[in-house]
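Me: Could you take a close look at one helix and what surrounds it, and then follow the fold outward from there? I would like to know what covers it, and what the neighbouring sheets and cysteines are doing.

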Amino acid sequence: MEARLPRPFRVLFTTRVGGESTGVFSSLNLDPRSEDDPTAVARNRARVAALVGRRVISPVQVHGLRVVGAAEYVQEPPGSPCDGLTIHADIDEGLAALLLFADCVPVVLCGEVDMAVIHAGWRGVLGGIVQQGGRALMGAPGTAVIGPSIGPCCFTAADEVASGFAARFGPEVVVRAGASCRVDLWASVTKALAEIGIHGEQVVNPRLCTACNRDFFYSYREEGPVTGRQGCVGWAETR
Ligand SMILES: [Zn+2]
């Protein structure tokens with residue numbers, strides 16, 4: 001699926017459909033650190049690279065707050081932790097940023113000269129990774145996309161996590177459901193985006209819940225730790 005961004009930036013969201021992995025990883029698993037057959041994962045990743053026609057940079061994600069430039073990341077020691085990459089139309093020519101997801105929120109920020117692809121799990125959202133992404137851009141971000149991720153329909157959270165979200169983003173991001181709480185990560189990210197100047201209709205959110213749509217997406221919450229990852233890939237179309 002492609003979301004519309006201002007030129008020259010482009011972003012694609014993969015689903016779990018159309019790849020070579022089998023069983024619980026079926027079929028377009030992009031995670032080289034999963035227990036899936038490495039050959040199948042490599043072929044799946046090669047499909048994405050062929051689709052975007054660029055070298056795909058895929059960092060080691062750790063639920064941290066670090067966002068760096070794609071060309072800069074390439075120079076770092078292999079395995080450097082990173083949960084967001086920026087793509088500058090000139091500096092990162094020939095590169096695409098691929099981050100992997102199975103419930104966590106893909107957040108794409110788009111500015112005048114660069115874009116950021118961010119992996120925002122609940123820790124990252126609370127910790128301020130959306131703000132880090134905004135700071136990592138050279139110009140002011142003007143557009144954002146919230147990709148397929150676990151929705152307020154399904155994200156049950158422990159009380160202390162829910163309290164953290166209520167304290168940070170307001171009580172309206174927490175929904176009481178009987179004895180448990182659900183946290184609205186999309187509303188929380190939307191509020192974080194407003195704090196960095198991206199408001200209302202500048203935020204695109206198709207509200208696709210990964211846990212509700214397991215035919216199309218991997219869901220860590222629904223399927224457990226042994227599952228695959230879909231991707232969000234961003235690049236600049238400069239030639
Ligand atoms: Zn759901």
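Reply: Happily! Helix α4 spans residues 129–136, and its buried residues (under 20% relative accessible area; exposed is over 50%, partly exposed in between; 1.4 Å probe, protein chains only) are I129, V130, Q131, G133 and G134. Helices here are DSSP runs of H or I with at least four residues and strands are E runs of at least two, both numbered from the N terminus. The model is a predicted one, in which local features need pLDDT of at least 70 and side-chain atom pairs 80 or more, while totals for chains, interfaces and linings use all residues. Residues are numbered from 1 along each chain as its sequence is written, and side-chain values use heavy atoms, without hydrogens and water.

The cover over those buried residues comes from several elements. Among them are the strands β4 (67–69), β7 (105–110) and β8 (114–120). Helices contribute as well, including α3 (122–127), α5 (159–169) and α6 (185–195).

Three of those covering elements are the strands β4, β7 and β8, and they belong to an open sheet of 6 strands with mixed pairing. Its order is β4-β5-β8-β7-β9-β13, where strands pair if DSSP finds at least two bridges between them. At the edges are β4 and β13 (203–204), each with a partner on one side only. Helix α4 packs on this sheet and touches β4, β5, β7 and β8, a contact being heavy atoms within 4.5 Å. At the β4 edge, β4 and β5 run parallel and are joined by 3 bridges. One position to look at there is G69, which stands opposite T86 in β5.

Leaving β5 (84–88), the chain enters a loop that leads to β6 (95–101), and I91 has its place in that loop. Setting aside residues up to four places away in sequence, I91 touches A71 and M138. By contrast, the C-alpha atoms of I91 and G164 are separated by 38 Å, with the two positions 73 residues apart along the chain.

Strand β6 brings you to another sheet. This one is open too, with 5 strands in the order β1-β2-β14-β6-β3 and mixed pairing. The edge strands are β1 (2–3) and β3 (55–57), each pairing on one side only. Further in, β2 (residues 9–13) and β14 (residues 230–236) pair in the antiparallel sense over 5 bridges, and L12 has V233 in β14 as its bridge partner.

A97 is a good residue to pause on here. It is found in β6, and it counts as buried because its relative accessibility is 0%. Leaving out neighbours within four places in sequence, A97 is in contact with I57, L85, I87, V117, C232, V233 and G234. The C-alpha atoms of A97 and G231 are separated by 9.8 Å, although these positions lie 134 residues apart in sequence.

C232, one of those contacts of A97, leads to the cysteines. The structure holds 0 disulfides, meaning pairs of cysteine sulfur atoms within 2.5 Å. C82 is in none, and the nearest cysteine sulfur to it, that of C232, is 13 Å away. For C232, the closest cysteine sulfur is in C110 at 11 Å, too far for a bond. Both C82 and C232 are buried, at 0% relative accessibility.

Four other cysteines do have a partner: a zinc ion. Its protein donors (N, O and S atoms within 2.8 Å of the metal, or 3.2 Å for Na, K and Ca) are the SG atoms of C153, C154, C209 and C212, lying 2.3 Å from it. The arrangement is tetrahedral (all angles between 85 and 135 degrees), because the 4 donor atoms subtend angles of 102 to 116°. In sequence, the donor residues are spaced C-C-x54-C-x2-C. The site links distant parts of the chain: C154 is in the loop between β9 (143–146) and β10 (156–157), while C212, 58 residues apart from it, is in the loop between β13 and α7 (220–223). C154 counts as partly exposed at 22% relative accessibility, and C212 is partly exposed at 46%.

One last stop is a hairpin. Strands β11 (residues 174–177) and β12 (residues 180–183) run antiparallel and are joined by 4 bridges. V174 stands opposite V183 in β12. The hairpin has 2 residues between its strands, and G178 takes a positive phi near 65°.

Terms used: Axes are lines fitted to C-alpha atoms, for helices over the stretch in contact, and angles run from 0 to 180 degrees between N-to-C directions. Four donors count as tetrahedral if all angles lie between 85 and 135 degrees; four count as square planar and six as octahedral if opposite donors are over 155 degrees apart and all others between 65 and 115; anything else is irregular.
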